[in-house]
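Q: I should like to learn how pairing between strands, packing and chain contacts are read from a model. Could we work through an example together?

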Amino acid sequence: METNDRYEIRLAGEGGQGLILAGLILAEAAAVYDGKNAVQTQSYGPEARGGASKAEVVISDGVIDYPKVIAADLLLCMSQEACSKYVYGMKKNGILIVDSVHVDRVPTSRAYMIPITKIAEEATGRRITANIVALGLIVGLTGVVSRKAIEAAVRARAPKGTEALNLKALEAGLAEAERIRAEAERGQSVPIRAS
Amino acid sequence: MRRYEENRMYRYLRRHKKFPNVWCPGCGIGIVMGALIRAIDRLGWEKDDIAMVSGIGCSGRMPVYMDFNTMHTTHGRALAFATGLKMVKPKMHVIAIMGDGDVLAIGGNHFIHAARRNIGITSIVINNSIYGMTGGQYSPTTPTGSLATTAPYGNIDQPFPICELAIAAGATFVARGTVYHAVELDRLIEKALLHEGFSVVEAVSYCHTTFGRINKLGTAVDMLRWQKENSVTREAAAKMTPEQLQGKIVRGIFHEREFPEYTAAYAKIVEQAMAAQRKA
Amino acid sequence: MAARLMQGNEACVEGALAAGCRFFAGYPITPSSEIAELLSRRLPQVGGYFIQMEDEIASIAAVIGASVGGVKAMTATSGPGFSLMQENIGYAAMAEIPCVIVNVQRTGPSTGLPTKPAQGDVMQARWGTHGDHPIIVLSPSSVMETFLLTVRAFNLSEKYRSPVILLMDEVVGHMRERVELPPPESLEITNRVAAHVPPEWYFPFEDPSTDVPPLAPFGEGYRYHITGLFHDRAGFPTERVDEIDAWIARAFGRIEQHRQDIISYEEDVPAGSRVLVVAYGATARSARHAVKLARAKRYKVGFLKLETIWPFPEEATERLARQCKRVIVPEMNLGQLALEVERVVGRQKVRRVNLANGEMITPQQILAAIEEK
């Protein structure tokens, strides 16, 4: 059934965090570089900076009809407001990633609490690359698109002159995902890391 | 007396089709039309190369009589239509014929922005200080204190000074004439037509049917005589005191300056973009 | 062409350029601004013209002016700007000037929800300007369809000398999807019929054998008059009833006679369907999803996706609804095209599903309507 073959991703936070760009890159990685179908939609307020902002990506091998997320397979929250609003709109086994720099109250124990913004700052010196670090985490933890595809998409969409910087951010996200997976394999059942 | 075939007027009129015209006997709009024809005739322009665009009102009916490419558009929008046409046909001579209510009230925004762009359109604003076609309601150029069918107690608005407004908005040629000084008017229009950028000629006319009647100003001839007696050239005005100039119409060219014409400036952008495209 | 991730508004731009659009005038407004931004860059690259006007009234006026100059022209806007454009959309209809108006719908009325989707302008697109006139309105539901319907909008506009409205919505306009655009040479492009007769024989508003009179561009030897007044075959104002009736007959006749050519839709109605879902625009995506879910539950459901919404595809709706007990019409408004469906199939058959709060209708909401007894 085509309609079940959907991987639904919701990236939520505030305007200015680059979530719509992150959604675009993820969709492009799937659609152009991995040859799947992908639809990216967005929802944002009238503010250019600071208002609620959300990007959604649906990835499928088949036809994608409804372009928005029905119940997220993966939810990324970059603000407390986003987390409180969307955490219940997830699939039972959905993965929740929150930026622990911005979110401290998570109403579930099944969450990856990762200081995404801090990792970005450490890796590139630029907080603004947190969205790309998040992409590295998503790809590393879910494998929803290939590593090659996400690298190509980041390279293609990064503003001219910032390609290396953004790839560094992606790398930092992927490495963090790797570390978490290794931890999980060592038997630490709840993959939470306090910030 | 020349036969009509030899009269240059008839070379530019759709004479078999649309006459007599809609204007009241004695109206000044016909004089502006005559001045425009004389100016165009002197320039020797091809009729095919001329587009005339108008809005709504008495002035808006002028294009129908003229044997050019003519477009009678919606109220106040003549310059917006003309802008699209001029963009894609930059070599055409685009003339916008507008009334005071048409271009300054409902079309005021288009007027100041066309001026700001300095697009090569010649604007002829026929100012009769009233909405004539709809029956004498006060317009943006009705003098303070005058009566109108919607100002039965007298108009409390200030009139727009058309030329000053055009200059402030960025027009690069601005002149004013009156229909009484018809020969002078066609010289002003000729200069405006030759100007590369956005040019404005305020043709001061009158409406004896509404404004004149309501304000008891007499016949068309009386109103023409008033123009004769109450207007001065710019040169004469320079020697007069503000008190002496009170209530006088000043005629002449008020502003003329060089600034890149819009379609010429845009052509450079096209050239640049196409060259970059070829390289890539 | 290679697969790309493309936004709906970008696909509209690609479609316009492929169709031969060389003039754009517009005014910034969410959620359509990407169309203007992209065309400001792209049009000069192909020798075309872009201008940002002082408002939407001026934008559509400039578009008509450019079209009279012989250039395929369009504007793009959203609800508040679309309201302002009505006056000159009427002019284009009256003067029979081809032009394309894109409306990326957002939630209204008034400023409403500038960044949220809606389908609230369906009736305004049909009846927004005063007086009676025909109009063609197309509504895409995907990025690819936006490309194709933009091309079609220009083709229909030039062919029938009529304004054509492309009614998009925020979802489709901002959505990014994987598309492979067809190679330009594979597209069928319609150009305006040129005038061939000597100028003295030319009547721009005549009723010729081809039923759409040629429109000669200004400046090419045919000096004629265009007006928003009722006019005779030469374009001169008239108040003669016989000439006015001739205009009405011709204007409506040429759309009516070519319904087959103008109307497009997609039907997926298996024999024995008991329920028909009729949808258009972004909502068609939810509807198709819902139909698949329902069929998995063994409901007998048919689906009609409309691409042309005006003139309303009444023959198709009537034919497909005949075998069904119920017709479901989901729309991001409080029931606009549903009025047409009700007119055609009868009120008692129709179940409306409406949402006008800026949210997209979900497949589950439509599924629930399908499952109702």
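Q: In which sense do strand 2 of chain A and strand 9 of chain C pair, and over how many bridges?

A: In general, strands of a sheet pair through backbone hydrogen bonds, in either a parallel or an antiparallel sense. In this predicted model, strand 2 (residues 37–44) of chain A pairs with strand 9 of chain C over 2 bridges, in the antiparallel sense. Opposite Val39(A) stands Glu177(C), which belongs to strand 9 of chain C.

Q: How many residues of chain C and of chain A are in contact?

A: The size of an interface is often given as the accessible area lost when the parts come together. Here a count of residues serves instead: 21 residues of chain C are in contact with 22 residues of chain A.

Q: Which elements of chain C supply at least two residues each to the side that touches chain A?

A: They are strand 1 (4–7), strand 6 (113–117), helix 7 (170–174), strand 9 (176–179) and helix 10 (283–296) of chain C. Helix 10 of chain C gives the most, with 7 residues. By class, this side of chain C has 9 nonpolar, 7 charged and 5 polar residues.

Q: How many strands form the open sheet, and in what order?

A: The open sheet has 9 strands with mixed pairing, ordered 9(B)-10(B)-7(B)-8(B)-4(B)-3(B)-1(B)-2(B)-10(C). Its edges are strand 9 (231–233) of chain B and strand 10 (225–227) of chain C, each paired on one side only. From one strand to the next, the twist averages 20°. At one edge, strand 9 of chain B pairs with strand 10 (residues 249–256) of chain B in the parallel sense, over 3 bridges; there Val232(B) has Val250(B) as its bridge partner.

Q: Which strands does helix 7 of chain B lie across?

A: Helix 7 (residues 182–194) of chain B lies across strands 3, 4, 7, 8 and 10 of chain B, and runs at about 165° to strand 7 of chain B.

Q: Which residues have the most contacts inside the largest nonpolar core?

A: They are Val133(A), Phe23(C) and Val277(C), in a core of 266 residues. Helix 1 (residues 19–33) of chain A gives the most to this core, with 10 residues. Domain 1 (4–186) and domain 2 (264–371) of chain C both give residues to the core, so it lies between them. A second, separate core has 5 residues, including Ala195(C), Ala216(C), Tyr222(C) and Tyr224(C).

How values were computed:
Residues are numbered from 1 along each chain as its sequence is written. Chains are lettered from A and ligands numbered from 1 in the order in which they are written. This is a predicted model: local features need pLDDT of at least 70, side-chain atom pairs count only at pLDDT 80 or more; totals for chains, interfaces and linings use all residues. Two strands pair if DSSP finds at least two bridges between them. Helices (H or I, at least four residues) and strands (E, at least two) are DSSP runs, numbered from the N terminus. Axes are lines fitted to C-alpha atoms, for helices over the stretch in contact, and angles run from 0 to 180 degrees between N-to-C directions. Two residues are in contact if their C-beta atoms, placed from the backbone, lie within 7 Å. A nonpolar core is a set of buried Ala, Val, Leu, Ile, Met, Phe, Trp, Tyr and Cys residues joined through C-beta atoms within 7 Å. A residue is buried if 20 or more other C-beta atoms lie within 10 Å of its own, exposed if 12 or fewer, and partly exposed in between; C-beta atoms are placed from the backbone. Domain bounds come from an automatic or database domain assignment. Ala, Val, Leu, Ile, Met, Phe, Trp, Tyr, Cys and Pro count as nonpolar, Asp, Glu, Lys and Arg as charged, and the others, Gly among them, as polar.
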